[in-house]
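Visitor: Please take a close look at the largest cavity and tell me which residues line it. I would then like to follow the account outward to other parts of the model.

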Amino acid sequence: MLAPAPASPPGVFDASAVRWAWAGRGLKEEAADRQYGLLLDHSRPVVADAVVVQVDRIGHRRHIETESERRLRLYEGDRLVGIFGNRYATDVYEGRVLDVQKLHLLTTSGLIGTVTCRNRNVERPTTVTSLGYLADSHGHRINTKRLRLQLAPPQGRSLDLVLVVGTGMNTGKTTVMRKILRAMATAGVRVAGCKLTGSASPRDLYEMNPTGAVLATDFSDYGFPSTYGESLDDLIRLMDLMGSACGRAGAEIAMVEVADGFLQPETQILLESDEIRRRVRGVVVAGACSSSLLFATEYLRKLGHEVWAASGLITNSPLFVREFNERSPIVVASSRGSANRLARIIVEKTVERTVKRAEDSCEEKAAPQ
């Protein structure tokens, strides 16, 4: 991805006069070496461009999350370094990177874009004005994907990838993830936690880091402010980068969370991809009710995925669990408590797949040529 040609030499930029949003973490530390400037350019932004904005009106987002301080209250007139990115959130906003004329704060982590669709239960977004793009000393825009999205190096060891997907937002995916990671780590399994898609937020890493996983990583570590609108090729490249990092950390199993529901565009193209299906050993599905979970598991089965367990908010309701069990052979395992059963299912299924792969390989070698 080539950097847009500079429109004019960058102006003076005072790094101490702004708040640095979490979506662009690491940029503040790099400011001294890179000698950032402020590019007064009103041309169309691209995803992952860093921008300096001023808060005009406080709306739904009243705080900003930074790398060093989790939450800071926002006031009109505050200046922030944010990152342009698309947002897909059925219970909040859909936001797009369109232009610099009408801008909103899409997340508390500093995702900047234009709200195109809003949940009626959510108030109007916080509005901001662009003061210019963050630029290097040559006048080229700072873009976090260009800085951090590299080719995947060798992963160091083979590992099993297990997806955690949900029937929608807020179905218990993150709880399922952290409980599985904790149970596996406690049992001595070298497990890693990955968040493959979503919008940049420190929450997932805050949840995964204390579990004892050998590595916790998400898409924002590779320069993606969000993954909404990204191509399948870039998502596969991202998954391979994460897999390589997990392998180098010594992981045997990598749990990979996919954001939103299985009808979300990027989730759908991932699940329907032959490349992804070849990489993934099994799937754990989190759902809020029996009907959505039945639909999701049947959808995954038809795509050729092995659904190893169902979990999530459904396990809060014995009636929902009974309805599901009467119609599906898939095991429902709660993420409440220690989640040892969930972890045990994944480990056992992984061992089964490893043994089967070894047997298939032996049969292929023994077959007459």
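**The largest cavity and its surroundings**

Guide: The largest cavity is lined by Leu161, Cys194, Leu196, Met239, Met242, Gly243, Cys246, Ala254 and Val256. Two elements, helix H5 (232–248) and strand S15, give two or more residues each to this lining, and H5 gives the most, with four; helices (H or I, at least four residues) and strands (E, at least two) are DSSP runs numbered from the N terminus. This is a predicted model, in which local features need pLDDT of at least 70 and side-chain atom pairs count only at pLDDT 80 or more, while totals for chains, interfaces and linings use all residues. Residues are numbered from 1 along each chain as its sequence is written, and side-chain values use heavy atoms, with hydrogens and water left out.

A cavity here is a set of points, on a 1 Å grid over the protein atoms alone, where a 1.4 Å probe fits but cannot get out, whereas a pocket is an open set with protein on both sides within 12 Å along at least five of seven lines; lining residues have an atom within 4 Å of a point. The largest cavity has a volume of about 40 Å³, a volume being the space filled by probe spheres set on the points, with grid points joined across faces, edges and corners. Its lining comprises eight nonpolar residues, one polar and no charged, where Ala, Val, Leu, Ile, Met, Phe, Trp, Tyr, Cys and Pro count as nonpolar, Asp, Glu, Lys and Arg as charged, and the others, Gly among them, as polar.

The structure holds two cavities of 30 Å³ or more, and the second largest has a volume of about 30 Å³. Tyr88, Gly198, Ser199, Ser226, Thr227, Tyr228, Asp260 and Gln264 line this second cavity, and by class they divide into two nonpolar, five polar and one charged.

Strand S15, already met at the largest cavity, spans 253–261 and also supplies at least two residues to the lining of the largest pocket, as do strand S7 (87–88), helix H3 (173–186) and helix H4 (203–208). That pocket holds about 680 Å³ of space, and among its 28 lining residues Arg87, Met169, Asn170, Lys195 and Arg203 are the closest to its centre. The pocket lining has six nonpolar, twelve polar and ten charged residues.

Helix H3 deserves a separate word. Its 14 residues should span 20 Å at 1.5 Å a residue, and because the end C-alpha atoms are 20 Å apart, the two values agree; the expected span is 1.5 Å times one less than the number of residues. Within H3, Lys173, Thr174, Val176, Met177, Lys179, Ile180, Leu181, Ala183 and Met184 are buried, which means under 20% relative accessible area, with exposed being over 50% and partly exposed in between (1.4 Å probe, protein chains only). Just after this helix, Gly188 takes a positive phi of about 90°.

Elsewhere, strand S3 (residues 50–57) pairs with strand S6 (residues 79–84) in the antiparallel sense over five bridges, pairing requiring at least two DSSP bridges between the strands. Ala50 has Ile83 of S6 as its bridge partner. S3 also runs antiparallel to S11, to which six bridges join it, and there Val55 is partnered by Val128.
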